[in-house]
Amino acid sequence: MRQQTHHFKQHHYLVVNTKPKKIVTLMNWKYTIGRDSSNDIVVANDMISRIHATVEKISDLSQGTYQYQLIDGTVNGKSSFNGVFINGNRVQSHTLVNGDRILFGGVVKAVFHSSSRLINKEEFFADFSQITQYSCSSRLDENEATTIML
């Protein structure tokens, strides 16, 4: 019997507004975000918990698609101290959609982006020139960005 292979048609990116700014290409099943160096995405800020948030992949094999869910704290239910906000609302869990604006601990901003195709760095920054703006923040600076493939 031949095993069925699924080819996902989406590409997901998380732009984290740290110094230097980070573009994380989400590919794995799970990521932890926090100030502890053992996290997949390290955010060095005292307002960020050791494990501040978890991002998990949720797949729909029948459709060949998947999404990412952001969880405040750990998957075991231990929430972060200063919370996670999506588009201005505090959440415990949220299925991410293109353009979601994320605020970790009230201080670290991020944007989630979903695309049906792989995009190169130049296209990435052109596409993000609008959605990476916050009302009180500057644009994502191409020269400051670090691409992280996890």
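**Tour of the strands, starting at E10**

Select Ile102 first: Ala110 in E11 stands opposite this residue. The model on screen is a predicted one.

Next, extend the selection to the two strands. E10 covers residues 101-104, and strand E11 covers residues 108-115. E10 and E11 run antiparallel and are joined by four bridges. Three residues lie between the strands of this hairpin, and Gly105 has a positive phi near 60°.

Now show the side chains of E10. Which of them are buried? Ile102 and Phe104 are, and these two point to one face. Arg101 and Leu103 point to the other face and are not buried. In a regular strand, side chains alternate between the two faces of the sheet.

Stay on E10 and add strand E7, residues 84-86. E7 and E10 run antiparallel, with three bridges joining them. Pick Phe85 here: this residue stands opposite Leu103 in E10.

Then move to the open sheet. Colour its five strands in the order E4-E3-E5-E6-E9; the pairing among them is mixed. Where are the edges? Strand E4 (41-42) and strand E9 (93-95) are the edge strands, each pairing on one side only. Strands of a sheet pair through backbone hydrogen bonds, in a parallel or antiparallel sense.

Last, zoom in on strand E3 (residues 30-34) and strand E5 (residues 53-60). Their pairing is antiparallel and runs over four bridges. Select Ile33 and then Ala53, its bridge partner in E5.

Methods: Residues are numbered from 1 along each chain as its sequence is written. This is a predicted model: local features need pLDDT of at least 70, side-chain atom pairs count only at pLDDT 80 or more; totals for chains, interfaces and linings use all residues. Side-chain values use heavy atoms; hydrogens and water are left out. Two strands pair if DSSP finds at least two bridges between them. Buried means under 20% relative accessible area, exposed over 50%, partly exposed in between (1.4 Å probe, protein chains only).
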